[in-house]
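Thank you all for coming; I would like to take a few minutes to walk through one model with you. Please have a look at the sequence and the structure before I go on.

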Amino acid sequence: MADLVKGMRDWLTYSTLDEDEWDTMRKVHLEQQLRRLFGACSEELETVTDSSELGEISVPVRSGALRRLRSLPGKVFVTKDEYEDGQQFKVHLMVSADTSDGSESWKPVCAWTFDSISEVADFVRPPSTEAAS
């Protein structure tokens with residue numbers, strides 16, 4: 001019974017959020033999952049060539065007339081571009097897209113851009129918000 005009440009409370013919360021609130025909450029959730037994934041794969045980021053798959057995270061989505069909350073499996077891809085003055089990392093979050101021919105296809109959800117591996121490290125471990133004493 002407790003699970004039913006919690007599920008109804010969660011549904012009410014998620015279904016009554018306006019689009020801006022939903023986008024903000026979803027972005028924060030995705031960034032937390034991305035930080036965990038980066039933390040677990042920090043050595044792999046150093047060796048990214050042109051493009052590689054970093055791992056999987058769950059992507060929350062609302063669907064239907066009742067805005068039911070569910071999660072889709074998403075894959076995180078990292079691309080690295082070399083420039084004269086340095087390199088740039090782009091992190092792409094994609095979910096599986098339905099195709100009529102049955103082939104595997106990916107639809108972009110969001111992307112992050114970092115100018116260096118140190119920016120990626122700062123993203124994984126953001127600066128402390130506590131005041132220095």
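Among the contacts between residues at least 6 apart in sequence, 45% join residues that are at least 24 apart, and I should say at once that this is a predicted model, so please hear every value as one that was computed from it. As for the elements, the protein has 4 helices and 4 strands, and along the sequence they follow the pattern α-α-α-β-β-β-β-α.

Turning to burial and surface, 29% of the 133 residues are buried, while the accessible surface comes to about 9200 Å², with 51% of that area belonging to carbon and sulfur atoms.

Which residues have the most contacts inside the largest nonpolar core? That core has 20 residues, and the ones with the most contacts inside it are Phe 38, Val 76, Val 91, Trp 112 and Phe 114. At least two residues of this core come from each of helix H2 (19-40), strands E1 (51-63), E2 (68-83), E3 (86-97) and E4 (105-114), and helix H4 (117-124). As a general remark, nonpolar side chains in soluble globular proteins tend to be buried together.

Let me take Val 91 from that list and follow it a little further. Val 91 sits in strand E3, and it counts as buried because its relative accessibility is 1%, where the limit for buried is under 20%. If we set aside neighbours within four places in sequence, Val 91 is in contact with Leu 34, Phe 38, Val 76, Phe 77, Val 78, Cys 110, Ala 111, Trp 112 and Phe 114. One of these partners, Leu 34, is 57 residues away along the chain, yet the two C-alpha atoms are separated by 9.5 Å.

Leu 34 also brings us to the packing of two helices, since it appears among the residues that join H2 to H4. How do the axes of H2 and H4 cross? They come within 9 Å and cross at roughly 120 degrees, which makes H2 oblique to H4. On the H2 side the contact is made by Glu 31, Leu 34, Arg 35, Phe 38 and Gly 39, and on the H4 side by Val 120, Phe 123 and Val 124. As to its hand, the crossing of H2 and H4 is left-handed.

I would like to stay with helix H2 for two further residues, beginning with Gln 33, which lies in that helix. Is Gln 33 buried or exposed? It counts as buried, because its relative accessibility is 10%, and, leaving aside neighbours within four places in sequence, Gln 33 is in contact with Ile 57 and Ser 58.

The other residue is Trp 22, which is likewise found in helix H2 and is buried, with a relative accessible area of 4%. Measuring nothing by eye here, I will simply quote the computed C-alpha to C-alpha distance: Trp 22 and Arg 62 are 40 residues apart in sequence and 9.1 Å apart in space.

Notes
Residues are numbered from 1 along each chain as its sequence is written. This is a predicted model: local features need pLDDT of at least 70, side-chain atom pairs count only at pLDDT 80 or more; totals for chains, interfaces and linings use all residues. Side-chain values use heavy atoms; hydrogens and water are left out. Buried means under 20% relative accessible area, exposed over 50%, partly exposed in between (1.4 Å probe, protein chains only). Contact means heavy atoms within 4.5 Å. Accessible areas come from the Shrake-Rupley method with a 1.4 Å probe; for residues, only the protein chains shown count as cover. A nonpolar core is a set of buried Ala, Val, Leu, Ile, Met, Phe, Trp, Tyr and Cys residues joined through side-chain atoms within 4.5 Å. Axes are lines fitted to C-alpha atoms, for helices over the stretch in contact, and angles run from 0 to 180 degrees between N-to-C directions. Angles under 35 degrees count as roughly parallel, over 145 as roughly antiparallel, 65 to 115 as roughly perpendicular and the rest as oblique. A crossing is left-handed if the near helix is turned anticlockwise from the far one by less than a right angle, and right-handed if clockwise.
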